[in-house]
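Dear colleague,

Please find the structure below, handed over for your records and further examination. My findings follow directly after it.

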Amino acid sequence: MPDQPSLPTEDDLKKLPLLAIVAYAVRCARRAQPILDTIPNFATHGAAVERAISLAERFCVGTDLNDAPDAAERAADAAGRAAAIAHSFAGGSAAALAAGAAQAAVQAAAAVEDFWVQPDSADRVVRAATYAAGRAGRAVAADRAAAVSAAARADY
């Protein structure tokens with residue numbers, strides 16, 4: 001029996017409804033988000049990450065993103081830029097992973113929107129959520145890894 005619970009696999013996630021998969025990605029991103037607060041002068045980029053996660057959260061509760069069809073793409077790009085900037089800080093790899101988790105969460109939301117138009121894109125939702133969970137899990141310090149994995153498993 002392993003010491004810590006494993007994260008859900010792509011096959012596990014495929015058993016869930018698409019919006020539940022996005023919600024899972026969002027929760028993983030939220031769990032890693034506090035790491036960004038450790039970077040000095042990161043407020044603007046932290047705000048971009050917050051917007052990305054918030055957009056994905058709003059999507060999960062039924063907010064129509066069609067008002068701004070490129071909103072998810074812009075949010076994902078901003079979170080990706082935040083990840084790149086976080087990576088440039090000393091010891092910023094955890095923060096970069098946290099921002100990457102936010103990027104993946106909003107990409108999962110965008111993939112669901114694509115799925116409604118093009119049903120063969122469901123695997124993109126699963127891949128994005130798996131990426132978000134993995135990034136969030138690796139972002140946390142080693143002493144919290146077991147707790148975060150257990151929480152992510154419970155979210156699933």
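The structure holds zero disulfides, a disulfide being a pair of cysteine sulfur atoms within 2.5 Å. Cys28 is buried at 1% relative accessibility, whereas Cys60 counts as partly exposed at 21%. Here buried means under 20% relative accessible area, exposed over 50%, and partly exposed in between, with a 1.4 Å probe and protein chains only.

Please note that this is a predicted model, in which local features need pLDDT of at least 70 and side-chain atom pairs count only at pLDDT 80 or more, while totals for chains, interfaces and linings use all residues. Residues are numbered from 1 along each chain as its sequence is written, and side-chain values use heavy atoms, with hydrogens and water left out.

The salt bridges come next. Three are counted, under the rule that a side-chain nitrogen of Lys or Arg lies within 4 Å of a carboxyl oxygen of Asp or Glu. Two of the pairs involve Arg30: Glu50 meets Arg30 with the closest N and O atoms 2.6 Å apart, and Glu57 meets Arg30 at 2.8 Å, N to O. Glu57 lies in helix α3 and Arg30 in helix α2, 27 residues apart, so this pair links distant parts of the chain. Arg30, Glu50 and Glu57 are thus linked in a network of salt bridges. Arg30 is partly exposed, with a relative accessible area of 23%; Glu50 is partly exposed at 30%, and Glu57 is partly exposed at 30%.

A further salt bridge joins the side chains of Asp123 and Lys14 (3.7 Å, N to O). Because Asp123 lies in helix α6 and Lys14 in the loop between α1 and α2, the pair ties together parts that are 109 residues apart in sequence. Helices here are DSSP runs (H or I, at least four residues), numbered from the N terminus.

As to the interior, the largest nonpolar core has 52 residues. Such a core is a set of buried Ala, Val, Leu, Ile, Met, Phe, Trp, Tyr and Cys residues joined through side-chain atoms within 4.5 Å. Val22, Tyr24, Leu36, Val49, Val106 and Val125 have the most contacts inside the core. At least two core residues come from each of α2 (18-32), α3 (43-60), α4 (71-88), α5 (93-117) and α6 (122-139), and α5 gives the largest share, 15 residues.

Contact means heavy atoms within 4.5 Å. Leaving aside neighbours within four places in sequence, Val106 is in contact with Ala52, Leu55, Ala56, Ala72, Ala75 and Ala76. Gln103, also in helix α5, is buried at 18% relative accessibility and touches Ala76, Ala79 and Gly80, again not counting residues up to four places away.

Helix α4 has 18 residues and reaches 26 Å from its first C-alpha to its last, close to the 26 Å expected at 1.5 Å a residue; the expected span is 1.5 Å times one less than the number of residues. Its buried residues include Ala71, Ala72, Gly80 and Ala86, and their cover includes α3 and α5.

Finally, Pro8 is found in the segment before α1 (10-13) and is buried, with a relative accessible area of 6%. Outside its neighbours within four places in sequence, Pro8 is in contact with Leu13, Tyr24, Arg153 and Tyr156. Pro8 and Gly134 are 126 residues apart in sequence and 9.8 Å apart in space, C-alpha to C-alpha.

Yours sincerely
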